[in-house]
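Good morning, colleagues. I should like to take a few minutes to walk through one helix and its surroundings, and then some backbone details.

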Amino acid sequence: MTEPKKLILNLFEMNTVSHITHGLWSLPENNRHRFNDISYWLELAQILEHGGFDGVFLADVIGAYDVFRGGPETAIREGLQIPSNDPLLVIPAMAAVTERLGFGVTFSTSYEPPFAFARRMSTLDHLTGGRVGWNVVTSYLPNAARNFGLADEIPHDRRYAIADEFLDVVYKLWEGSWDDDAVVADAVGKTYTDPSKVRYIDHVGENFRVAGPHLSQPSPQRTPVLYQATGSPAGIAFAGRHAELVFTGGRSTADFIQNAERMREAAARHGRTADDLKFIVQAGVVVGRTEEEASDKWRTYREQTSLEGILAHAGFPFDPTVFPRETLVRDALAQAGVAEKAVPSAGPDTTIGQLIDGIAGGREGRFFVVGTPKVVADEIERWLDEDGVDGINLRQYHSFDTARDFAELVVPELRARGRLLEGGPTLRERLFGRGPRLPENHIAARYRGGANLTVPMPPLFG
């Protein structure tokens, strides 16, 4: 009998008031306003650890959403990812009160240099006992670029070229700068590290010059588990070379399958196998002990969701709320001085009312379910078996009710069906069922033992 496919179960989080469920921070007994308080993160970590979650996936941005209405005021009023804090800094506290919970943390390659980041991630890998992963992103907000001294955001494909070299540098530091047996801790001979087994990397590239050596000794995983969120052609090429878990999606099963297949094909071009990539999607789950209870929760979430928050988050190029509902979108765009292609989802006869209703009610997508534990588990099994999904980042409508509901009602049902992961002291072992290090066919492995440190990595494009 074939073993059922296991679900990678993450909670989708951010060190902020309002992450992606706009306006819901104000719900009764919602704890989101406590994000500055370390007790919030300790309590959340224990809920997830005891509730059967594999990890918490921590999003981040390094700029404000200031396109909608020509400024950041809407985002600031809504608490839309501002104020927000550094996601890396809550991980040690959460790790201290858990034993197996993993941490996938977002960090951008676009504006900060790789050397200091490599040490921060090695430190986290040590402090968590190898339970950390890195969500590799290239920052897209125009305000983020201005925060780091640029006039505007870096062009999309150029960001991926920078990211490719950024990863080349950190691979050299993590995998090639120290030998596995460099640390001898010889108290009698008063030698902690054998200096013949630690080396400079002397990286000289188009974007970075880094001498090394790496300042941290080898951590349990060396290279953290590599996540990536993408769907673009450049992102797919990048994922094929680097990623282990891809956070992607699609409005339909066909969309998701097509995205996943393209990434597997890209991985094969880099000498990797289909099993080297896993795919996680953002999922909305509203569960109740009865259908009525689940429906009541979902009705409350819909009623309290902020349209303005959604529009600000999307960087909407004009404000549809100032026009009468019967106005054609094309006429509103003309009045606002915005090109029609700026709202590609609106057909020629779409009205403002239809556009707003679609925005407010059409955000849940393919990976969404409301119902009893059995209904939810049945749907998750469809995602696993029919769509080919490997895991979910669970969207939070309420903190901590979303996580508690899933842990108390859905996890026992999934566990009874043999759908949950078990074991694995490090994050990579838990997710892939193999050793804590990257496999030998990953491009980072070329630097092990100090090999190839001066050999340029093949270009990502071309």
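Let me begin with a crossing: α7 and α8 cross in a right-handed sense. Please bear in mind throughout that this is a predicted model.

As for the geometry, the two helices α7 and α8 pack at an angle of about 50°, and their axes lie 7 Å apart. That angle makes α7 oblique to α8, because an angle counts as oblique when it falls outside the roughly parallel, antiparallel and perpendicular ranges.

Which residues of α7 and α8 meet? On the α7 side they are I236, A237, A239 and G240, and on the α8 side R262, M263, A266 and A267. By character, the residues of this contact divide into 6 nonpolar, 1 polar and 1 charged. Glycine counts as polar in this scheme and arginine as charged, so the polar residue is G240 and the charged one is R262. On the spacing of such residues, an α-helix has 3.6 residues a turn, so positions three or four places apart point the same way.

I turn now to the wider environment of α7. Is this helix, residues 233–242, largely enclosed or largely open? It is largely enclosed by the rest of the structure, because 9 of its 10 residues are buried. The buried residues are A234, G235, I236, A237, F238, A239, G240, R241 and H242. What covers them includes the helices α6 (156–176) and α8 (253–269), together with the strands β4 (132–137), β9 (225–229) and β10 (245–247).

The next topic is the backbone, starting with the loop between α2 and α3. P83 has its place in this loop, between α2 (73–78) and α3 (91–96), and a cis peptide bond joins I82 to P83, with omega about 0°. Q81 is in the loop between α2 and α3 as well. Its phi is near 55°, a positive value in a residue other than glycine. Q81 is buried, with a relative accessible area of 5%.

A positive phi is also found at R69, where the value is near 60°. R69 lies in the loop between β2 (55–59) and α2. Is R69 buried or partly exposed? With a relative accessible area of 36%, R69 is partly exposed.

Finally, the peptide bond from S399 to F400 is cis, with omega near 15°. F400 is located in the loop between β13 (391–394) and α14 (401–416).

Thank you for your attention.

Notes. Residues are numbered from 1 along each chain as its sequence is written. This is a predicted model: local features need pLDDT of at least 70, side-chain atom pairs count only at pLDDT 80 or more; totals for chains, interfaces and linings use all residues. Side-chain values use heavy atoms; hydrogens and water are left out. Buried means under 20% relative accessible area, exposed over 50%, partly exposed in between (1.4 Å probe, protein chains only). Helices (H or I, at least four residues) and strands (E, at least two) are DSSP runs, numbered from the N terminus. Contact means heavy atoms within 4.5 Å. Axes are lines fitted to C-alpha atoms, for helices over the stretch in contact, and angles run from 0 to 180 degrees between N-to-C directions. Angles under 35 degrees count as roughly parallel, over 145 as roughly antiparallel, 65 to 115 as roughly perpendicular and the rest as oblique. A crossing is left-handed if the near helix is turned anticlockwise from the far one by less than a right angle, and right-handed if clockwise.
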